[in-house]
Amino acid sequence: MSNVITIGTKAVYPIIFEVDYGQMKSINCYLYQQGESLTLIDAGIDLPAFREFFEQKLKEYGFTIDDIDQILLTHHHGDHIGLVNHIVKQKQVPLYAHHVAIERLQLTEAYQLRKRQFFHQLYEEYASLELAGPRLKKMEQTYQNTEALKINAPIIAFSDGDTVCGLQVMEVPGHSPDSVLFYDSETKWLFVGDLVLYTGTTNALIDHDEQLNLLPTVMQYRQSLEKCLQLDTSVIYAGHQQSFSNLSEIVEKNLQRIDFKLARIVRKVAEGHKTALDLAKAIYGDRMKREFPLIMSEIIGYVTYAEMQGMVEKKNNDGQWEFFVQS
């Protein structure tokens, strides 16, 4: 799983940190070499064990942190940005991320206040505020620890269609609003972040735009999966699990999974489960208390997608949304 692939003057050095991380199985980042230039794609998680593993893998590959020339991020989540501050303390390398990621990486006060306002209102409207306490408390803790958690480096923004360090950038929102792919058109290597994994699927996580509108994350996720099929690929490097080459087969399984979850949510609404909380309990039972943020994200995402498809409708009942199948 950690084999180096070389084509001409280009090479990929995988850094695969195996971990008990649910279906994710591992936390991955990659060294991408193009001639004399060495790019780190994603930066893992901020744990002492990962830091030790990362530096040991660099040594095995014949590198040190001083050899890294720049860092590219597929998105802003904590298991992809973990060692950025550690690296830039030792060497001031350029850091590149999607323009939507910047305030999320810098944890600006304005962004954090908007985020907390959005999720408090969202959980209230979707009848799940009673279980949202730990999630909202974590946001408050992040706010109190901003200086320790934010990225302490200048960030160079990129957008869809840009070329950075020899790699083409493609926006693929859904898992997060700032998710991107990096594509090498010569070798046909594709770095997908968390868009698609070898087994299982990542989550289309609910999020908001700058006006605090709920993003259509499931629809975005589906469109992003279909979009990546336009590329001619050889090896797919994902943020978790192993690399693979059968992209179309894996994407098709993901699309089928979306269809399955859509049909399930509509069926549960038809059975009389009117609120998001009722739907979550009906589908996941006691798991929803243990995995509240992910499960509620899925439920809200899919019931919103079903509404967009004209399969369900929602009505406001005393400040909370209730759902019904279209008659």
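**Close-up views of a predicted model**

**View 1. Lining of the second largest cavity.** By class, six nonpolar, four polar and one charged residues make up the lining of the second largest cavity. The model is predicted. The space inside this cavity comes to about 40 Å³. From Asn28 to Tyr30, the lining includes Asn28, Cys29 and Tyr30. Ile41, Asp42 and Thr74 also line the second largest cavity. Further along the sequence, Phe191, Val192, Gly193, Tyr237 and Gly239 complete the lining. Two strands, β3 (26–34) and β11 (189–193), each supply at least two of the lining residues.

**View 2. Cys29, a cysteine without a disulfide.** Cys29 is one of the residues lining the second largest cavity. Its relative accessible area is 0%, so Cys29 is buried. The structure holds zero disulfides. Cys29 is accordingly in none, and the nearest cysteine sulfur, that of Cys165, lies 15 Å away. Why does Cys165 form no bond with Cys29? The sulfur of Cys165 is 15 Å from that of Cys29, its closest cysteine sulfur, and this is too far for a bond. A disulfide needs the two sulfur atoms within 2.5 Å.

**View 3. The largest cavity and the helices around it.** Two cavities of 30 Å³ or more are counted in the model. The largest cavity holds about 100 Å³ of space. Its lining has 14 residues. Thr202, Asn203, Ala204, Lys261 and Tyr302 lie nearest the centre of the largest cavity. Three helices, α8 (217–228), α9 (247–270) and α12 (292–308), each supply at least two lining residues. The lining of the largest cavity divides into five nonpolar, six polar and three charged residues.

**View 4. The second largest pocket.** This pocket contains about 260 Å³ of space. Its lining is made of 16 residues. Which of them lie nearest its centre? They are His98, His99, Val100, Arg104 and Pro177. Across the whole lining of the second largest pocket, seven residues are charged, five are nonpolar and four are polar.

**View 5. Ile265 in the largest nonpolar core.** The largest nonpolar core has 56 residues. Leu181, Ile265, Met296 and Ile299 have the most contacts inside it. Leaving out residues up to four places away in sequence, Ile265 touches Leu279, Ile283, Ile299, Tyr302, Val303 and Ala306. One of these, Tyr302, is also among the residues nearest the centre of the largest cavity. A second, separate core has 34 residues, including Ala43, Leu58, Leu73 and Leu95.

**View 6. Ser128, a buried loop residue.** Ser128 sits in the loop between α5 (109–125) and α6 (133–144). Is Ser128 buried or exposed? Ser128 counts as buried because its relative accessibility is 0%, and the cut-off for buried is under 20%. Its contacts, apart from neighbours within four places in sequence, are Tyr123, Leu277, Phe292 and Met296. Met296 is also one of the residues with the most contacts inside the largest nonpolar core.

**View 7. Positive phi at Gln241 and Asp318.** Gln241 is not a glycine, yet its phi is positive, at about 65 degrees. Gln241 is placed in the loop between β12 (235–238) and α9. With 6% relative accessibility, Gln241 counts as buried. Asp318, also a residue other than glycine, has a positive phi near 55 degrees. The loop that holds Asp318 runs between β13 (312–317) and β14 (320–325). Asp318 counts as exposed, at 77% relative accessibility.

**View 8. Ile27 of strand β3 and Gln242.** Ile27 lies in strand β3, one of the strands that supply residues to the lining of the second largest cavity. Ile27 is buried, as its relative accessible area is 2%. Along the chain, Ile27 and Gln242 are 215 residues apart. In space, their C-alpha atoms are separated by 10.0 Å.

**View 9. Ile16 of strand β2 and Phe50.** Strand β2 (residues 10–18) contains Ile16. A relative accessible area of 6% makes Ile16 buried. How many residues lie between Ile16 and Phe50 in terms of separation along the chain? The two are 34 residues apart, and 9.8 Å separates their C-alpha atoms.

How values were computed:
Residues are numbered from 1 along each chain as its sequence is written. This is a predicted model: local features need pLDDT of at least 70, side-chain atom pairs count only at pLDDT 80 or more; totals for chains, interfaces and linings use all residues. Side-chain values use heavy atoms; hydrogens and water are left out. On a 1 Å grid over the protein atoms alone, a cavity is a set of points where a 1.4 Å probe fits but cannot get out, and a pocket is an open set with protein on both sides within 12 Å along at least five of seven lines; lining residues have an atom within 4 Å of a point. Grid points are joined across faces, edges and corners, and a volume is the space filled by probe spheres set on the points. Ala, Val, Leu, Ile, Met, Phe, Trp, Tyr, Cys and Pro count as nonpolar, Asp, Glu, Lys and Arg as charged, and the others, Gly among them, as polar. A nonpolar core is a set of buried Ala, Val, Leu, Ile, Met, Phe, Trp, Tyr and Cys residues joined through side-chain atoms within 4.5 Å. Buried means under 20% relative accessible area, exposed over 50%, partly exposed in between (1.4 Å probe, protein chains only). Contact means heavy atoms within 4.5 Å. Helices (H or I, at least four residues) and strands (E, at least two) are DSSP runs, numbered from the N terminus.
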